[in-house]
Amino acid sequence: MTTAPAQPAGAEQIHTVLFSTFTQAKVEGTLHARDLDTGAEFAHAADTPVVLASVFKIPIALEYARQAASGELDPARRHTVTAAYRAGGSGTDGCAHDVEMSARDLAFMMMTISDNAATDLLLDIVGPDRVRTTLDGLGFPGFGFSSCAALDDDIRQELGLAPGRSLDDQLAGIPDQRLLTLRACTPGTSPSSTPREVTALLAAIWHDEAGPASACAEVRQIMRQQVWQHRLVSGFPEPGVRLAGKTGTDFSVRNEAGVIEYPDGKRYAVGVFLRTSTAVTRQPLADRAIGRAARLAVDHLRART
């Protein structure tokens with residue numbers, strides 16, 4: 001394991017404010033931020049394993065872009081999202097009929113609105129083994145990922161639910177505390193990593209070190225189009241500040257990882273990972289805590305330079 005760098009002067013005060021921010025939101029939180037230009041870091045329990053939820057879609061997008069850049073994959077070739085992939089979520093995942101789109105647009109739907117059906121079809125196209133090989137080759141052997149269908153099937157099996165039926169339709173009435181203890185919410189039994197490792201992957205993408213420069217640029221461009229504005233974005237409302245991110249949500253898990261880009265050219269990779277005390281879908285206090293925590297860390301790094 002990489003030794004964590006010493007925390008800079010003034011960091012203890014930030015830790016205190018972060019702890020208060022997380023406590024007020026009734027969550028437990030971990031965070032890592034890194035200045036992509038100087039390499040300076042801020043860590044809050046950043047080497048603690050966390051459940052990634054849909055943050056694991058970042059390396060799938062990267063593998064798609066690498067294969068498209070090398071000519072192995074035609075980004076314009078059309079593929080069909082059939083009923084075998086659809087489970088009733090966002091985007092094509094909730095469509096009533098088959099949807100045909102390009103490989104590039106599957107990646108776009110996966111990253112911008114976290115479309116699970118698009119994710120699983122794209123993962124089949126690029127190959128899970130290739131995603132694993134790329135992560136291992138970049139130095140991220142502990143970075144987990146999965147198909148969304150496999151995660152849903154594991155939840156059905158753990159809760160004794162009927163296979164082949166919508167998971168959401170069967171969750172009503174299951175006690176909150178039972179959902180909070182699912183394997184899907186437990187690091188090591190669900191795709192996991194650490195906040196420090198996640199920002200390291202983002203840094204590799206932003207530095208064109210995760211593949212061909214054109215591939216890294218495509219991942220950055222797609223991530224800048226994510227539609228969700230309630231987590232990281234909430235902490236950076238100023239005009240001219242751009243954010244490229246990927247959220248992750250699953251019962252007690254509430255995350256976002258991304259890169260904040262300032263008009264002065266400075267860039268900061270941030271990953272905030274929360275565990276909530278309830279599995280309810282709407283948790284605005286927790287969502288805003290992600291933005292506040294990220295802002296505290298980035299302001300601290302900016303003050304140092």
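**Exercises on a predicted model: accessibility, helix packing and backbone angles**

At 35% relative accessibility, R288 counts as partly exposed in this predicted model.

**Exercise 1.** Determine where R288 lies and which residues outside its sequence neighbourhood are in contact with R288.

*Solution.* Step 1: the residue belongs to helix α11, which covers residues 284-304. Step 2: once neighbours within four places in sequence are set aside, H230 and S234 are in contact with R288. Step 3: a C-alpha to C-alpha distance of 7.8 Å separates R288 from L232, although the two are 56 residues apart in sequence. Step 4: partly exposed denotes the range between 20% and 50%, and the 35% of R288 therefore places this residue in that class.

**Exercise 2.** Describe the relative orientation of helices α2 and α3 and the composition of their contact.

*Solution.* Step 1: the axes of α2 (residues 57-70) and α3 (residues 103-112) come within 10 Å and cross at roughly 160 degrees. Step 2: angles over 145 degrees count as roughly antiparallel, and α2 and α3 are therefore roughly antiparallel to each other. Step 3: the crossing of α2 past α3 is left-handed. Step 4: α2 contributes K57, I58, I60, A61 and Y64 to the contact, while α3 contributes A103, R104, A107, M110 and M111. Step 5: sorted by class, the contact of α2 with α3 comprises 8 nonpolar and 2 charged residues, with no polar ones.

**Exercise 3.** Compare the expected and actual span of helix α9, and establish how far α9 is enclosed.

*Solution.* Step 1: α9 has 12 residues (195-206), and at 1.5 Å a residue these should span 16 Å. Step 2: the end C-alpha atoms of α9 are 17 Å apart, which agrees with the expectation. Step 3: with buried meaning under 20% relative accessible area, 11 of the 12 residues of α9 are buried, so α9 is largely enclosed by the rest of the structure. Step 4: among these buried residues are R196, E197, L201, L202 and W206.

**Exercise 4.** Locate K26, A45 and D208, and state the phi value of each.

*Solution.* Step 1: most residues other than glycine have a negative phi. Step 2: K26, in the loop between α1 (11-24) and β1 (27-35), has a positive phi near 60 degrees. K26 is exposed, with a relative accessible area of 61%. Step 3: A45, in the loop between β2 (41-44) and β3 (50-51), has a positive phi of about 55 degrees. At 43% relative accessibility, A45 is partly exposed. Step 4: D208, just after α9, adopts a positive phi of about 60 degrees.

Technical notes: Residues numbered from 1 in each chain as written. Predicted model: local features only at pLDDT ≥ 70, side-chain atom pairs only at ≥ 80, totals over all residues. Heavy atoms only, no water. Axes fitted to C-alpha atoms, helices over the stretch in contact; angles between N-to-C directions. Helix = DSSP H or I, 4+ residues; strand = E, 2+ residues; numbered from the N terminus. Parallel < 35°, antiparallel > 145°, perpendicular 65-115°, else oblique. Left-handed = near helix turned anticlockwise from the far one by under 90°. Contact = heavy atoms within 4.5 Å. Nonpolar A, V, L, I, M, F, W, Y, C, P; charged D, E, K, R; others polar. Expected span 1.5 Å × (residues − 1). Buried < 20%, exposed > 50% of the residue type's maximum accessible area, 1.4 Å probe, protein only.
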